[in-house]
Amino acid sequence: MSHQDDAYGAEIRDLSAKLGQLPSAMRDPALENRIHELQREINVSEGPLRSAKYRQDELKTERRWIESDVHGFKRALVLVGQPDGVPDSNRGGSAQRFRTKLESRVSRTIELTEEIDEFQNQIDRIETVRLALSVELVEMLHGGVADAERNVRKEDLARKKRLAALRAEMGAVEKDILWSPTAVHGYRVWTFEKDGLYGAQRPWRSPRFSARCSFDGEIPHTDGRCATVAFGCGIYAAKSVEVLMDEVDGDLGRQFVVGLVGLEGRVVEHDRGYRGEQATVLAATIVNRGTLLMTDDAGELQRMFRDPRQSFGVGAVSPPSGNSDRTMQAAIRNYLEKKAERYQTWTSANSSE
Ligand SMILES: [Zn+2]
């Protein structure tokens, strides 16, 4: 009973702690709700269980007292008995009184035993239910931990794949470092995950983003000191939209954003892309399970990064066919390239003034 309960209690605590440490975005909220519900049911049964045990203990104590009474009256009866075989009216009278008291005590112990047994049934019922709930909860927690761990591995793998694709799409590093007076334009992809839009490694909460690096010196580094992934720090942008599609497998049935960014500050040029110190998203196409949404409105872009769930709220349910994938890719490319041209024209017109 409580022995087994304790064994499950420790397992439940360990598993709950393990699940709690996994990133919330990797956990299934529906399963978490069921887990909390089960936990609540187990906790709720604790009160009645405790009071049933407490009441049973009280009855057992009472029975012990009465049993010692019974024992005393039996001894008294022996003492007032007739060891010499001669009946004595006086002695017989007290014997009768003892006998009456003894009988009432005996019938009380029978009553108490019945009550104690009734409480035992109640305790057994509650413990059976608790045991079943605990077994179910342990199974559910095991499942939840396994699921979340699988999601973490999947996410990790997807990220590694994106970084590998990033390296491929950037090509070799060029020694020239640009200090352009105007923004350098490039294209990027963000994936839509449960808690926001993600670049290759970090979440973006705003259309403006500054590169970070744990190493000293000017960012982005070009000496490879931080190049454990791809080429190291900096905000990556590709020179063309096409190469980006590898990063998301070209699957437009998924949820992601392809955008045009202006890189500023220190910009390192590669064969097929750039790494910049700062980036601002200038235009974006939101791919939402086969539907396209395009915008270059600063306010809308701001909202999209702050709360992408709104932008991804609606979308076609059926994924596009391979044919419409190509059409959509062309639409994304046309839109973003046209925007890039316009920004290029504006900046060159402004700088020639
Ligand atoms: Zn660095």
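The protein chain of this predicted model exposes about 20100 Å² of surface. Carbon and sulfur atoms supply 51% of that area. Of the 353 residues in the chain, 39% are buried. The chain has 8 helices and 9 strands. Among contacts with a separation of 6 or more, 78% join residues 24 or more positions apart.

A zinc ion is held by four residues. The coordinating atoms are SG of Cys213, ND1 of His221, SG of Cys226 and SG of Cys233. Their distances to the zinc ion run from 2.0 to 2.3 Å. The angles among the 4 donor atoms span 104 to 115°, and the site is tetrahedral. These angles all lie between 85 and 135 degrees, so the four donors meet the criterion for that geometry. For four tetrahedral donors, the ideal angle at a metal is 109.5 degrees. Along the sequence, the donor residues follow the spacing C-x7-H-x4-C-x6-C. His221 and Cys233 both lie in the loop between strand E5 (208-210) and strand E6 (235-238), so this pair ties together parts that are 12 residues apart in sequence.

The surroundings of the site were examined at Cys233. This residue is found in the loop between E5 and E6. Both Cys233 and its fellow donor His221 are buried. For Cys233 the relative accessible area is 8%, which means that it counts as buried, the limit being under 20%. Beyond residues up to four places away in sequence, Cys233 touches three other donor residues, namely Cys213, His221 and Cys226. Its further contacts are Arg212, Ile219, Pro220 and Arg275. Arg212 is 21 residues from Cys233 along the chain. The C-alpha atoms of Arg212 and Cys233 are nevertheless separated by 6.8 Å.

Strand pairing was considered next, with strand E7 in the middle of the account. E7 covers residues 255-270. Of its 16 residues, 14 are buried, so E7 is largely enclosed by the rest of the structure. E7 pairs with two strands described here. With strand E2 (residues 184-193), the pairing is antiparallel and runs over 8 bridges. With strand E8 (residues 273-288), the pairing is also antiparallel and runs over 13 bridges. E7 and E8 form a hairpin, with 2 residues between them. Val261 of E7 takes part in both pairings. Its bridge partner on one side is Gly186. Its partner in E8 is Val281. In a regular strand, side chains alternate between the two faces of the sheet.

Thr285 gives a view from strand E8, where it lies. Its relative accessible area is 0%, so Thr285 is buried. Leaving aside neighbours within four places in sequence, Thr285 is in contact with Phe256, Val257 and Val258, among others. Its contacts also include Leu293 and Met294. Ile332, Tyr335 and Leu336 complete the list.

Salt bridges were then searched for across the whole structure, and 18 were found. Side chains of opposite charge can pair when their charged atoms come close. One such pair is Glu58 with Arg55, at 2.8 Å from N to O. The two residues are 3 apart in helix H3 (residues 46-80), so about one helical turn separates them. Glu58 is partly exposed, with a relative accessible area of 35%. Arg55 is partly exposed as well, at 34%.

Helix H4 (residues 89-170) holds a pair with the corresponding arrangement. Asp147 and Arg150 both lie in H4, 3 residues apart, about one turn of the helix. Their side chains meet in a salt bridge of 2.4 Å, N to O. Asp147 is partly exposed at 30% relative accessibility. Arg150 is also partly exposed, at 43%.

Arg108 and Glu115 form a further salt bridge, in which the closest N and O atoms are 3.9 Å apart. The cut-off is 4 Å, so this pair still qualifies. Arg108 has a relative accessible area of 23% and is partly exposed. Glu115, at 31%, is partly exposed too. The pair belongs to a network of salt bridges that links Glu62, Arg108, Glu111 and Glu115.

Key
Residues numbered from 1 in each chain as written. Predicted model: local features only at pLDDT ≥ 70, side-chain atom pairs only at ≥ 80, totals over all residues. Heavy atoms only, no water. Donors = N, O, S within 2.8 Å, 3.2 Å for Na, K, Ca; no water. Tetrahedral: all angles 85-135°; square planar, octahedral: opposite > 155°, others 65-115°. Helix = DSSP H or I, 4+ residues; strand = E, 2+ residues; numbered from the N terminus. Buried < 20%, exposed > 50% of the residue type's maximum accessible area, 1.4 Å probe, protein only. Contact = heavy atoms within 4.5 Å. Areas by Shrake-Rupley, 256 points an atom, 1.4 Å probe, with all protein chains shown as cover. Pairing = 2+ DSSP bridges.
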